[in-house]
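User: I have the model open and would like to go through it piece by piece. Could we begin with the residue contacts?

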Amino acid sequence: MEDFFGSLGPILASTVRNATPLVFAAMGGMFSERSGVVNIALEGLMLISAFAGVAGAFLSGSAWVGLGFAVAAGLLFALIHALMCVTFEADQIISGTAINLLALGGTGFLMVEVFGQGGTSPRVEQFGAVGIPLLSDIPIIGQAFFDQSILVYLMYLLIPVTFFVVFRTPFGLRLRATGEVPEAVDTAGVSVYRMRYYGVALSGMLAALGGAYLSMGLLSAFTENMTGGRGFIALAALIFGRWNPIGAAGAALLFGFAQAITFRAGGQEIIPIEFLQMLPYILTIVVLAGFGGRAIAPAAIGKPYRKE
Amino acid sequence: MSEGRTNGGAEETESGFRRFLTDSAGALLFPVIAIVIAFVIGAIIVLATGNNPLAAYVALLRGAVGSPSAIGRTLLNATPLIFTGLAVAVAFRAGLFNIGGEGQLYIGAITAAGLGVSLGFLGLFAIVPVLGACIVTGFLWGAIPGFLKARFGAHEVITTIMLNFIAINLATYLALNPLSGGGLVPGTATIEPASRIPVIGLGLGRVGYGLFIALAAAVVVYLLLWRTRLGFRIRAVGLSPGAANYAGMSIGANTILALAIGGSLAGLGGGVEVLGVYGKMSIPFVSNLGFNGIGVALLGRNHPAGVVLGALLFGGLASGAQEMQFATEVPLDLADVLLAVILLFVTATKLVELIVGKRARALASGTRLEKGLGA
Amino acid sequence: MSDNGSPNGSPASPVVLEMRGVTKTFGPVKANDGISIALRRGEILGLLGENGAGKSTLMKILYGLYRPDSGEILVDGEVAEIHDPKDAVRRGIGMVHQHFTLVPRLTVAENIVLGAEPRKGASLDLEGAARSTEELCDRYGLRVDPRARVSNLSVGEQQRVEILKTLYRDARILVLDEPTAVLTPQETEDLFEVLRELVADGLSIILITHKLGELLGVSDEITIIRDGKVVDTVDASNTDEGALARLMVGRDVLLRVEKKDTKMGEPRLVAEDLTVESNSGTVAVNGVSLTVRAGEILGVAGVDGNGQMELAEALAGTRPAKEGLVYLDGEDVTRLGSEARQGRGLAYVPEDRGNKGLVQDFTLAENNALKTYNEPPISKWGWIYPKVMRRRAAEALRAYDVRPADPDLRAGALSGGNQQKAVLARELSGDPGVIVAAQPTRGVDVGAIEFIHGQLLEQRAEGKAILLISLELEEVRSLADRIVVLYAGEIVGEVGPEATDEELGLLMAGRGAEKSA
């Protein structure tokens, strides 16, 4: 028993750490997809921001400046996606794939240009763990949830804020309507294009926080392709959570837990690591196929809007 | 919407020859605009790094086609992209987006790696059954999203993305555990050189007869799509599900078949890579061949001939980039950036419309599926 | 509020909206040709015309969706520049389109306030939205639950939400485009009750429809539009359905078809108590029985959306019958699909050639083989022979006067008339015994109409059995040997081709049922 509780704390802490970038990116994906723009570019948005954060911190010596770089880079790449999908009516899937490849190639290119080397960047200042007084003293849970990076606390805040914005504000109402029936938004005198730009831009900035956490919270350096598919797991969390902030956050925690026990499993594996890593994807397919209640995407997602 | 007006008859006078010209121009318009934009952006990036874009591009060209060995590298890079590009193109003709080429290629690769070792005693005669098995496993893997779509309406874009990661993890598990070679480099055991696809020679380096398998696959896909009943059905379903249904064709069956055929092509591609180039499946295996196949297919407007050309362009960029890095110190990752930018712009209908006017919409028909992902 | 003594739009009420000399052309077609209309305060103005007469174009101009080539719009006597729907809303114009723009997953209140949301601090005041919705509901007797999800509402309720949307934005002029097309008779009655409430409160309404019967009961004045021009404006109390029908459809007779007498033979296509569901699961065809004999054209008349499409598809086998039986030359084919029925000699010209009849991006050769691509000589052993395909297509295209008769041309590049001829070429060249033709001349130029009519009569002379579904009374009357009228999915009467416009009009409005029963 003691052994169980002994390992529970670290597993929970690791779950939170693994879930954090997923939550950021999934919340970002929510804004984009709720506005009707598919965002399979989350992976690339995280990757470029993870790099930009480290580059900013490296050049300035400040993690906060790095964070600003990260958000700016995520925003920039998201705006490229929006420009292609919303303005130029490019295919959203193709544009997303292109952004992912662009981030991969772009970070490789910039690694050489900025740091003069491929592979791994030099170490930079990190958003290290900051214990919250009292709360972090709670046994087991305290260490796991309240002795984390400041970005993790930001993630806690983000979940209810996203819920509020999406479901309780005029902006959220318009955003949801834009992703369902853009014609209704248009006839109500609201610009569909503007709503979609907002949605995609927000997705870039939020995914950027996830990317920055990867390179400056979880680690303190950038390595090539360090997102390693996390953007797609975030996409899976978004779908598994049925495009709902609470559901997506729950899914992200579940997937983070799967990763945590993957790393824990190490020597004493019961299930092979690879099968644990498949879990998010399998679950997503299961809900897409309609088992346990169908996951229904926003109705207008993926379709470019064209005024009559 | 106008109320029941008739179309003008202006198109009726268009001659066959003019139509041929406009069709060809139309087919090239989107790719050419995308490529031009990519190279302009690339030049700006090179300038920003303090290098001479012209020198960089000359080096790039030299590295792609400047010598037999350069051509060899280009062909070597292009071979798997032909397969993954065809995998996207066949599905696209049925109105489906196959983002699953990456996973399908992994399934084919692990099949070849496993079977190639166990059938090694057959020598050269192992190639046919091994590649046949890759086609079968790729077909079955590709059929999964098809089935999920036909039976449950699960959108193929999301399911193929998810299946990519499932396939990669599955192949990784198999390569590191039951099929592990136990050597220093993680991965499967190595296939006997005698039962691998031989190289062509002619100073082309490592290019093997896999290239011809890829070209043959392109021809087969062409014949399938335009010379068989199945292809007729696939194209009818892709272009107009309403008319296909009216003509008594099954949308579901053709959906499954088109994705499964796509899977078999990517699977074959994975097999050819293992059997022709690497001789084993090491972990991590080559990545992004499947995703780049999407760009290849769209650049080639989902026509087998276009796919071959697109693959050669992508392959050439990749091999030229090495020479460029060597000669001008521009990082070879620039090639990936160029590819990404091409992909970014190759479906930008509205942009092309701004350049050539309303005709763009009709010309875009080979590059887009507008049905969206909603329920 | 209503300070004038006669609320129901008497000549004493001020004109709130005027459109003067509005002209709009699309390519060669004049959709609106100098149209002028006037709407008085507290009046319901009916805008009557056939499909394609130009009513919807006129209203889209009013709502800022189209720009007129010439003409002007006056609101309250002032010239109003209306560039987009926002301008229209600002001028107090509200429009309920035929196709609703509601978000099914949002609630009624959310749909209504979308774009003009009440706020409470940073958040959306959902309670306030629901309250204002309830107030509007109470005021005009529009019963709908503001907290219900739109996806759970009936079509009639959804329409009420659309009306509420305009009222929430303070519309004083309300335009309803074919509002009854989707409603049941009871819902229609409820709607009219609401409209009367609205005009009693000082609103003014334009009601667009091609159902003349119901217009008489609700409107004050009726403006009739034909071929883009105003034919007449009449006082609803001084006219009757017969007169309206004549004004609406009574165009110069373009085509007089020579119809030879033929010998009628055996029944070839028979439907017994056929019941068919629409895509949304409602009953679209309700217990229809009909018989088409060899050498006969049976015309099916009726207003669009009364089950014609579902009937045609159920007969052709592309839509399952819920109940009832279909016989082809005496054989029960109810359980057979479209391919099998086609093999037994049934040809089907679908009403939607753009999405069903043709694959727009296929060549004419491929389209011509859409149903024979898997048969010899075009195909053997799974293999297709494009040369044979092209040769056969070339013959068929020439025989049916498709211009240009180029088998390598994309179908989408042809004019509407030639596309339809290409469909006929495919369907008729196989020498079918039974032909189901759904609106074969819709959106087709005069020359093609003549050709298509000639082809149908030729087939009739050859002893084929033809079911002709058409919205054009003139067409049905000049071609058919007998005419049945479809209303709300049921056959409400059968008449001969000599029936008058009035008789047919009454049946089409569902008024003849008691007489013929």
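User: Which residues does C:Leu468 contact, leaving aside its neighbours within four places in sequence?

Analyst: C:Leu468 is in contact with C:Ile297, C:Leu298, C:Gly299 and C:Val300, and also with C:Ala437, C:Leu456, C:Val476, C:Leu479 and C:Ala480. A contact requires the C-beta atoms of two residues, placed from the backbone, to lie within 7 Å.

User: What kind of model is this, and how do the numbering and lettering work?

Analyst: It is a predicted model, in which local features need pLDDT of at least 70 and side-chain atom pairs count only at pLDDT 80 or more, while totals for chains, interfaces and linings use all residues. Residues are numbered from 1 along each chain as its sequence is written, with chains lettered from A and ligands numbered from 1 in the order in which they are written.

User: Which residues have the most contacts inside the largest nonpolar core?

Analyst: C:Leu468 appears there again, together with A:Ala237 and A:Ala252, and that core holds 406 residues. A nonpolar core is a set of buried Ala, Val, Leu, Ile, Met, Phe, Trp, Tyr and Cys residues joined through C-beta atoms within 7 Å. Buried means 20 or more other C-beta atoms within 10 Å of the residue's own, exposed means 12 or fewer, and partly exposed is in between, with C-beta atoms placed from the backbone.

User: Staying with chain C, how many residues of α9 are buried?

Analyst: Nine of the nine residues of α9(C), which spans 308–316, are buried. Among them are two glutamates, C:Glu310 and C:Glu313, as well as C:Gln308. The residue that follows α9(C) is C:Gly317, with a positive phi near 95°. Helices (H or I, at least four residues) and strands (E, at least two) are DSSP runs, numbered from the N terminus.

User: On to chain B. What is its secondary structure?

Analyst: Chain B has 15 helices and zero strands. Its length is 375 residues, of which 59% are buried. Among its contacts with a separation of 6 or more, 76% are between residues 24 or more positions apart.

User: Is B:Glu323 buried or exposed?

Analyst: B:Glu323 counts as buried because it has 22 C-beta neighbours inside 10 Å. Its place is in helix α12 of chain B, residues 304–328.

User: What does B:Glu323 touch, not counting residues up to four places away in sequence?

Analyst: B:Glu323 touches B:Ala59, B:Leu60, B:Arg62 and B:Gly63. B:Val58 lies 265 residues from B:Glu323 in sequence, yet the two are 9.6 Å apart in space, C-alpha to C-alpha.

User: How many residues of chain B are in contact with chain A?

Analyst: There are 42 residues from chain B, in contact with 46 residues of chain A. On the side of chain B, the elements giving two or more residues are α5 (127–152), α6 (156–176), α11, α13 (333–345) and α14 (349–356). The largest share, eleven residues, is that of α6(B).

User: And how many residues does the contact between chains A and C take from each chain?

Analyst: That contact takes 17 residues from chain A and 17 residues from chain C. On the side of chain A, α7 (170–180) and α8 (182–187) each supply at least two residues. The largest share there comes from α7(A), with six residues.

User: Backbone geometry next. Which peptide bonds are cis?

Analyst: One is the bond from B:Ile283 to B:Pro284, with omega near 0°. B:Pro284 sits in the loop between α10 (251–278) and α11 (289–299) of chain B. Another is the bond from C:Arg403 to C:Pro404, where omega is near -5°. C:Pro404 belongs to the loop between α13 (386–399) and α14 (416–429) of chain C.

User: In chain A, what is the phi of A:Leu134 and of A:Asn225?

Analyst: A:Leu134 has a positive phi of about 70°, and the phi of A:Asn225 is near 55°, also positive. Neither residue is a glycine, and most residues other than glycine have a negative phi.

User: Where do A:Leu134 and A:Asn225 lie?

Analyst: A:Leu134 lies in the loop between β1 (129–131) and α5 (141–146) of chain A. With 9 C-beta neighbours inside 10 Å, A:Leu134 counts as exposed. A:Asn225 is in the loop between α9 (192–218) and α10 (230–240) of chain A. A:Asn225 counts as partly exposed because it has 15 C-beta neighbours inside 10 Å.
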